Amino acid sequence: MRKLSIAIDGPAGAGKSSVSKILAARLGYAYLDTGAMYRAVTYEVLSKGIFDEIEIVLMINKIDKDAMLVFVDGEDVTPFLRTADVSAHVSWVSAMAGVRRAMVKIQRKQAEKGGIVLDGRDIGTTVLPNADVKIFLTASAHTRAIRRCMELAAAGQDVTPEGIEEDIEKRDYQDSHRAVSPLRQADDAVLLDNGDLTLEETADAIISICREKFPGFDA
């Protein structure tokens with residue numbers, strides 16, 4: 001049975017992380033949330049007041065490149081990665097060329113053996129240009145804002161769909177116009193609009209795409 005490397009790119013709020021987790025669980029693959037990695041770095045940058053690119057890269061280089069989970073100074077920072085402050089600064093941190101080079105090294109190390117799902121904004125174009133299957137997952141800014149609003153509200157944050165949609169549109173612009181590894185659909189990626197799909201249905205669609213390209217890969 002062939003172990004595929006699956007790259008899932010797309011804008012903020014498209015459901016990449018949730019779908020990737022479902023997909024990895026179904027296939028028995030590892031899952032690497034590259035967006036969470038950048039958010040963890042951003043959280044540390046804000047926590048320690050580190051704003052120099054060289055210092056940020058030195059911090060990243062201390063990460064265990066064989067670890068599938070990223071902790072910041074031994075602390076699980078997962079609950080803090082989706083805060084408004086981190087969301088407002090993650091594009092700035094992730095746009096640094098040195099930061100992206102350091103993170104890509106870690107991400108490629110994790111993907112060496114296949115049997116993995118990676119999601120982010122430049123997986124199919126920069127991190128894994130030779131990935132077996134590439135998906136560009138998207139939905140309208142309004143749909144993505146509603147999803148993110150529900151997610152943050154469930155976490156106890158006081159947000160409005162209008163404010164979230166404005167933030168998402170700003171993030172889309174920043175991600176697609178940055179000089180280093182901008183958000184874009186890879187030439188050989190399959191465009192999948194999941195605006196009318198559930199997370200489970202989106203995972204079903206991606207598995208179907210994988211089967212079309214590699215018949216019997218999961219038999």
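How many of the six residues of β4 are buried? Six of its six residues are, so to speak, under cover: β4 is mostly covered. The legends below start from this strand and work outwards through the predicted model.

**Figure 1. Strand β4 is covered on both of its faces.** On one side sit Val-133, Ile-135 and Leu-137, and on the other Lys-134, Phe-136 and Thr-138; all of these are buried. It helps to keep a general pattern in mind here: side chains in a regular strand alternate between the two faces of the sheet. Zooming in on one of these residues, Ile-135 belongs to strand β4. Ile-135 counts as buried because its relative accessibility is 1%, and the cut-off for buried is under 20%. Leaving aside residues up to four places away in sequence, Ile-135 touches Ala-7, Ile-8, Asp-9, Ala-189, Val-190, Leu-192, Ile-206 and Ile-209. One of these contacts, Ile-209, is 74 residues from Ile-135 along the chain, yet their C-alpha atoms are separated by 8.9 Å.

**Figure 2. Five strands make up an open, parallel sheet.** Reading across, the strand order is β2-β3-β1-β4-β5. At the edges are β2 (residues 30-33) and β5, each of which pairs on one side only. From one strand to the next, the twist averages 20°.

**Figure 3. Strand β4 pairs with β1 and with β5.** Towards β1, the pairing is parallel and runs over four bridges. Towards β5, four bridges again join the strands, which run parallel. Phe-136 is a handy landmark for this view: Asp-9 stands opposite Phe-136 in β4, and Phe-136 in turn stands opposite Leu-191 in β5. Next along β4, Leu-137 has Leu-192 of β5 as its bridge partner.

**Figure 4. Helix α9 turns one buried face to its neighbours.** Which residues of α9 are buried? They are Thr-202, Ala-203, Ile-206, Ile-207, Ile-209 and Cys-210. Seen down the helix axis, these buried residues fall within an arc of 155°, so they line one face of α9. The general geometry is worth recalling: an α-helix has 3.6 residues a turn, so residues three or four places apart point the same way. The buried residues of α9 pack against β1 (5-9), α1 (16-27), β4 (133-138) and β5 (190-193). The length of the helix can be checked too: α9 has 15 residues (199-213), which should span 21 Å at 1.5 Å a residue, and its end C-alpha atoms are 22 Å apart, which agrees.

**Figure 5. Ser-18 and Ala-203 are separated by 185 residues in sequence but by 9.4 Å in space, C-alpha to C-alpha.** Ser-18 has its place in helix α1, while Ala-203 is one of the buried residues of α9. Is Ser-18 buried or partly exposed? With a relative accessibility of 36%, Ser-18 counts as partly exposed, a class that lies between the 20% and 50% cut-offs.

**Figure 6. Helices α2 and α5 both lie across strands β2 and β3.** Helix α2 (residues 34-48) runs at about 40° to β2. Helix α5 (residues 97-111) runs at about 155° to β3. From its first C-alpha to its last, α5 reaches 21 Å, close to the 21 Å expected for its 15 residues at 1.5 Å a residue. Its buried residues include Gly-98, Val-99, Ala-102, Met-103, Val-104 and Ile-106. The buried residues of α5 pack against β2, α2, α3, α4, β3 and α6 (123-127).

**Figure 7. Arg-100 is a buried residue of helix α5.** The relative accessible area of Arg-100 is 4%, so it counts as buried. Which residues does Arg-100 touch? Not counting residues up to four places away in sequence, its contacts are Tyr-38, Ser-94, Asp-122, Arg-178, Val-180 and Ser-181.

**Figure 8. Phe-51 and Trp-92 form a tilted aromatic pair.** The structure holds one aromatic pair, and here the ring centres are 6.0 Å apart with 45° between the planes. The pair links distant parts of the chain, 41 residues apart: Phe-51 is in the loop between α2 and α3 (53-60), and Trp-92 is in helix α4 (residues 84-94). At 40% relative accessibility, Trp-92 counts as partly exposed.

Notes:
Residues numbered from 1 in each chain as written. Predicted model: local features only at pLDDT ≥ 70, side-chain atom pairs only at ≥ 80, totals over all residues. Heavy atoms only, no water. Helix = DSSP H or I, 4+ residues; strand = E, 2+ residues; numbered from the N terminus. Expected span 1.5 Å × (residues − 1). Buried < 20%, exposed > 50% of the residue type's maximum accessible area, 1.4 Å probe, protein only. Arc of directions from axis to C-beta. Contact = heavy atoms within 4.5 Å. Pairing = 2+ DSSP bridges. Axes fitted to C-alpha atoms, helices over the stretch in contact; angles between N-to-C directions. Phe/Tyr/Trp six-rings, centres within 6.5 Å; stacked < 30°, edge-to-face > 60°.
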